[in-house]
Amino acid sequence: MIHIDPTLTPSDLSAKLQRFWELSAQKIRLIEQQYDVSNGSPVFTVQGKYSTRGWTEWTQGFQFGSAILQFDATGETEFLDYGRKNTLAVMAPHVSHIGVHDHGFNNVSTYGNLLRLMHEGRIEFNEWEKNFYELALKISGAVQASRWTSIKNRDGGTGGFIHSFNGPHSLFVDTIRSCRALVVSHQLGHVFQGEGDVRINLLERALLHIKATADFSVFYGEGRDSYDIWGRTAHESIFNVKDGNFRCPNSQQGYTGFSTWTRGLAWAMCGFPEQLEALESISDAALIPFGGREAIESMMLKAARATCDFYIEHTPVNGVPYWDTGAPNLHKLGNYLDRPADPFNDFEPVDSSAAAIGAQGLLRLGNYLTEKGDTESGKKYWQAGLTVLNTLLEEPYLSTNPNHQGLLLHSIYHQPNGWDYVPEGSKIAYGESSMWGDYHIREAALYVQRIINNEPYYAFLNCVK
C-alpha cells in the first residue's frame, strides 16, 4: 500500500522539476540527433537507445508532443519549432488512420497541445494555423468514432464502444484516453456523418464508450466473477459482435483477464478524472439526451474512485507498481507491498510508466473532488499523486545518464511477449524507457508546475476556446 505523504506540497517539488526539465531537454535532443527515423516511430529503449517494435505507430504523437510540452514548461523555442514542424510533416497519416484506437494519444498530444498553447497566448495567434489544428482534431475525432461496435449494456439498453485494433469484439481499457479526440471534435462543432448523411453525435459515442469502460473494464466488488474486487481492471473485454453480449475479460499485455495489468489500470485512473473535468465545459442541455449530468458524473466518479483506490491499496509504499498485480512470481518477493518497489529484483519487473500515468489520474481526481467540496477525499488522492510523482522525479526512476535516450527508467512494454530488454546477468527487464512513459511523466510534471506557477490549469479541452 502506498505510504501517502500528507505534508508534501507542489512547491516541494520545484527543485526536482527544474532538474527534470533540464534532463528532459537533453533526451529530446539525443533522440532528434541519433534516432534513425527510417525505422518508424521510436517506441522503447534497448540498452538506452530508442528502437521500434509493435503493432501500430501509436507512439509518434508522444515523441513530438514531448517537445511541445518541453516548450510549454521552459519557453525554449527550439522545442516548439521541432514539435510544430514535425506535427505538420509527419502526423497527417495519424489523423486519417482508421485502423487504430490511439487518436487521443497521437493527435490530441500534438495538434491539441499546439492549439491549446495558441488559445493560452503562449504562441502567436495565426488564423490559418488555428484552422489547420482545428480541422485535424475535428477529423481525428470522427475517424476514431467510426471504429464502432454496438453492444448491450448491463442495464439492458443499447451501448457501444470504440473497438481496438484486435477487431470489433475487443474493448481496450486504454481507449478511454482516446475519447478526448471525440470530445474535442464535438466541442469544436464538428458534424460526423454516416451513410445517407445520417448525423452521428460524437459526444454520445464518447459517453457510451466511457460507460462501456466503466461497466465492463472496471470491477466494483459486486460479484461479477471470482476475482471481482473494488477497482480491479481488465485490459480487454470481449463481446459477441452478433448479439452484442459481453463474453469475458481478457488481456493482451497483462498476465490474465482475471488479474490487473497496472498500465491498463493507470489509463482508467487518468481517463475518468479528465473526462469528469471535461464535463464541466459541456452544457446540461447537451447531456440530457444521454441520461443527464448527475447520472453521467456518478458513473465516471465511481470508476475513478475505484481504480484510484485499487492503485493505492495494491502498489508498494513508494507508489511504483509491478507490471501486473497478479504476476505469477510476485509471491517470491515476500511482502512486496510493504516496502518500496525494487526494479532490480530477480522475479517480476516494475512498470514506472504506469506510475507516471496513474500519478496524473490521482492528482486530477483529488483536485476535482476538492473543487466539488469533498476536501477529505480530495486531499487523499491529491497527496497520493504528489507522493508518486515525487518518487519518479529522482533516481532510480529518473534517467540521469547523458547517453541514455530515455527519461523515465524501468518502463515495461510487453512482458508476456518478452519484448523488453533484459540486461546480461539479470532475470528480468529493467533500466529501459518508453515513449509513452517519457511523455506522461512530462505531462504530470507540467501539470504540477503550472499549479506551482499559478498558470492556467492544464486540461485537454483547453484547446477549445
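Helix α7 is followed by Gly189, a residue whose phi is positive, near 90°, in what is a predicted model. The helix itself spans residues 179-187, and because seven of its nine residues are buried, α7 is largely enclosed by the rest of the structure. The buried positions are Cys179, Arg180, Ala181, Leu182, Val183, Val184 and Ser185. Around these buried residues are packed the helices α5 (103-119), α6 (127-145), α8 (202-217), α9 (262-279) and α14, together with the strand β4 (158-162).

Helix α14, one of the elements against which α7 packs, also meets helix α2. Two packed helices are described by the angle between their axes and the distance between the axes, and the table sets out these values for the two pairs that involve α2.

| Helix pair | Angle between axes | Distance between axes | Handedness of crossing |
|---|---|---|---|
| α2 (residues 60-74) and α14 (residues 435-452) | roughly 20° | within 9 Å | left-handed |
| α1 (residues 14-34) and α2 | about 145° | 10 Å | left-handed |

With axes that cross at roughly 20°, α2 and α14 fall under the limit of 35 degrees, and therefore α2 counts as roughly parallel to α14. On the α2 side, the contact is made by Phe62, Gln63, Gly65, Ser66, Leu69, Gln70, Asp72 and Ala73, while α14 contributes Met435, Trp436, Tyr439, His440, Arg442, Glu443, Leu446, Gln449 and Arg450. Sorted by class, this contact of α2 with α14 comprises seven nonpolar, six polar and four charged residues.

The packing of α1 with α2 involves Trp21, Ser24, Ala25, Ile28 and Ile31 of α1, which meet Gln63, Ser66, Ala67, Leu69, Gln70, Ala73 and Thr74 of α2. Here the classes are seven nonpolar and five polar residues, with no charged residues in the contact of α1 with α2. Gln63 of α2 is named in the contact with α14 and is named again in the contact with α1.

Turning to the interior, the largest nonpolar core has 129 residues, and those with the most contacts inside it are Phe272, Met300, Leu362 and Leu392. Helix α11 (residues 293-313) supplies the largest share of this core, eleven residues. Phe272, when residues up to four places away in sequence are not counted, touches Ile176, Ile210, Thr213, Ala214, Val218, Met300, Ala303 and Ala304. Another core lies apart from the largest one and has six residues, among them Phe161, Leu171, Ala212 and Phe216.

Two individual residues complete the account. Arg364 is located in helix α12 (residues 352-371), and because its relative accessibility is 2%, Arg364 counts as buried. Its contacts, leaving aside neighbours within four places in sequence, are with Pro273, Glu274, Glu277, Tyr447, Tyr457, Tyr458 and Ala459.

Pro416, by contrast, is partly exposed, with a relative accessible area of 44%, and lies in the loop between α13 (375-392) and α14. Although Pro416 and Gln252 are 164 residues apart along the chain, their C-alpha atoms are separated by 8.2 Å. Pro416 also touches Gln252, and its further contacts are Gln253, Gly254 and Trp323, again not counting residues up to four places away in sequence.

Technical notes:
Residues numbered from 1 in each chain as written. Predicted model: local features only at pLDDT ≥ 70, side-chain atom pairs only at ≥ 80, totals over all residues. Heavy atoms only, no water. Axes fitted to C-alpha atoms, helices over the stretch in contact; angles between N-to-C directions. Helix = DSSP H or I, 4+ residues; strand = E, 2+ residues; numbered from the N terminus. Parallel < 35°, antiparallel > 145°, perpendicular 65-115°, else oblique. Left-handed = near helix turned anticlockwise from the far one by under 90°. Contact = heavy atoms within 4.5 Å. Nonpolar A, V, L, I, M, F, W, Y, C, P; charged D, E, K, R; others polar. Core = buried A, V, L, I, M, F, W, Y, C linked by side-chain atoms within 4.5 Å. Buried < 20%, exposed > 50% of the residue type's maximum accessible area, 1.4 Å probe, protein only.
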